[in-house]
Amino acid sequence: MAAVLQVLPCLARAPLRPLLLGGAVVRLASGMALAEQARQLFESAVGAVLPGPMLHRALSLDPGGGQLKVRDRSFQLRQNLYLVGFGKAVLGMAAAAEELLGQHLVQGVISVPKGIRAAMEHAGKQEMLLKPHSCVQVFEGAEDNLPDRDALRAALAIRQLAESLTADDLLLVLISGGGSALLPAPIPPVTLEEKQTLTKLLAARGANIQELNTIRKALSQLKGGGLARAAYPAQVVSLILSDVVGDPVEVIASGPTVASVHNVQDCLHILNRYGLRAALPRSVKTVLARADSDPHGPHTCGHVLNVIIGSNALALAEAQRQAEALGYQAVVLSAAMQGDVESIARFYGLLAQVAGTRLTLAGAGASAEEAEQLRELAAELQLPDLQLKEALEAVVRARGPVCLLAGGEPTVQLQGSGKGGRNQELALRVGVELGRRPLGPVDVLFLSGGTDGQDGPTEAAGAWVMPELASQAAAEGLDVATFLSHNDSHTFFRCFRGGVHLLHTGLTGTNVMDAHLLFLRPR
């Protein structure tokens, strides 16, 4: 309640007057210039993984010969091309595919989030919409990213199309994050409600995402390679936009075009571990028993080509190129940032302190205690691709401004009922960390944004902060700690300095997790 009460005076507060003198005014102007560059780099990262550019990089068409080339494979098109898709970014992916291949498309079915067509129309993103008389049928469902009856109808229509194909046909499958909820098709007699109840029970007892996916796949007609089996003997090309750390194709949307490596015994082991085997509905026992006696053995997907066409790493690489063009020494730290936002925020705070010292003093031995804390925290976070040593060496070599980039998907432990998202909460926590550390004569700015343009249940993609955040907020009567205790980061940023620290992009039509940008510029 305290955080909510703080909102009331901020709504009526007069526009902020910069009561600053001398260097403080210069730093304010410098900070706004840095923020504008940060926004530009974030937008360049998103632009690299928009559906149009992604599909045009992955596919090429020889109009004369009707040859479709995907990476190093070629497919002959002769009125034999079909399309299915499911995921949050699939509407735009399908529109781009239709633009490129429309004359060859015979039929298509896609499953996308409820309300996405209206949202794209409202945002003026015509390039994300199918043509008025498209041969691709659109189903909207999975409200709040939960499988529902609408998504089930879409999944059954996708299965029906796949099963109708012959050895002469080619099925183009478009997959993005959110695809799992948009493709629910439990194996009869298991019902959608029974499958949801079982997965909720497993989650409540502590099952991890790998265990949940193992059970989901075993009870699904289409996940775990089920869609590929339905389409056999047609050739299948699966174009995947990854929203999972490490880009594992068997995990994204629960791997509908990737043969599952798990068997019934794996499922039973999981169910035993969480004490659920005895309480299973008869339908689930029937399906598992049937699978256990399958005479055909494990299914393969040799007729499938799976291609990752967009990822967090690709987005960060583009932002790195743009940063270098602006004169920054730019280094990608990691595309696998994960863990609690408190630990990630502390990591970025320590990183700014250690890097800032090395940048301004050019002394690799400076701040030895903080450098050791940074290494220890990095080890605790267990980030598989972290380039910390390389980044700090690049900072020492730098003769000017530095931009450190990272991406991934941190998690927030909810304690309050405030409004926000992981990007805004991470930014707010990093702002606090920067404010409590000696950074030296260097301007520092941190930005965190979701590449889908929507951070949690808000209209913002994220936010940016500088070390002065906590002191400036206090001068406005805003207590950062209270907002954080209520997970109310969005309300804070709406109030703070009139909302200028919020990152607004609108829905982007893509999703490759989050991008983090840390800028250090010597004064």
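Modeller: A residue counts as buried when its relative accessible area is under 20%. The model discussed here is predicted.

Biologist: Why is F446 called buried?

Modeller: The relative accessibility of F446 is 0%. That value is under 20%, so F446 is buried.

Biologist: What makes the rings of Y348 and F446 a pair, and why is the pair called tilted?

Modeller: Their centres are 4.8 Å apart, and rings pair if the centres lie within 6.5 Å. The planes stand at 45°, neither under 30 degrees nor over 60, so the pair is tilted. Y348 is buried as well, because its relative accessible area of 2% falls under 20%.

Biologist: Where in the chain do the two partners lie?

Modeller: Y348 belongs to helix α13 and F446 to strand β12, with their positions 98 residues apart. Helix α13 covers residues 341-361 and lies across β10, β11 (402-408), β12 (442-450) and β15 (514-522). Against β15 the helix runs at about 25°.

Biologist: How do you know that the pair of F492 and F493 is edge-to-face?

Modeller: The angle between the planes is 80°, and an angle over 60 counts as edge-to-face. The centres of the F492 and F493 rings are 5.2 Å apart, within the 6.5 Å limit. F492 has a relative accessible area of 0%, so F492 is buried. F493, at 0% relative accessibility, is buried too. F483, F492, F493 and F496 form one aromatic cluster, and the structure holds six aromatic pairs.

Biologist: What makes β10 and β14 edge strands?

Modeller: The sheet in question is open, with six strands in the order β10-β11-β15-β12-β13-β14 and mixed pairing. β10 (329-337) and β14 (502-503) each pair on one side only, and are therefore its edges.

Biologist: How do you know that β13 and β14 are paired?

Modeller: Strand β13 (residues 462-465) shares two bridges with β14, in the antiparallel sense. Pairing requires at least two bridges, so the requirement is met. The bridge partner of G462 in β14 is L503.

Biologist: What joins β2 to β3?

Modeller: Four bridges join β2 (residues 67-70) and β3 (residues 73-76), which run antiparallel. Q67 stands opposite Q76 in β3. Two residues lie between the strands of this hairpin, and R71 has a positive phi near 55°.

Biologist: R429 and H104 have polar side-chain names on my list; are they buried or exposed?

Modeller: R429 is at 14% relative accessibility, under the 20% limit, so R429 is buried. R429 lies in helix α16 (residues 422-435). Beyond four places in sequence, R429 is in contact with V341, E342, A345 and L484. H104 has a relative accessible area of 11%, so H104 is buried by the 20% limit. H104 is found in the loop between α4 and β5 (105-113). Setting aside neighbours within four places in sequence, the contacts of H104 are L61, G66, L77, Q79 and L81.

Biologist: Which residues touch the most other members of the largest nonpolar core?

Modeller: That core has 66 residues, and L59, V70, I110, L172, L239, L445 and F519 touch the most other members. Helix α4 (residues 90-101) gives the most to this core, with eight residues. At least three residues come from each of domain 1 (51-185 + 225-260 + 299-310) and domain 2 (312-522). A second, separate core of 56 residues includes A371, F446, A463 and F496.

How values were computed. Residues are numbered from 1 along each chain as its sequence is written. This is a predicted model: local features need pLDDT of at least 70, side-chain atom pairs count only at pLDDT 80 or more; totals for chains, interfaces and linings use all residues. Side-chain values use heavy atoms; hydrogens and water are left out. Buried means under 20% relative accessible area, exposed over 50%, partly exposed in between (1.4 Å probe, protein chains only). Contact means heavy atoms within 4.5 Å. A nonpolar core is a set of buried Ala, Val, Leu, Ile, Met, Phe, Trp, Tyr and Cys residues joined through side-chain atoms within 4.5 Å. Domain bounds come from an automatic or database domain assignment. Axes are lines fitted to C-alpha atoms, for helices over the stretch in contact, and angles run from 0 to 180 degrees between N-to-C directions.
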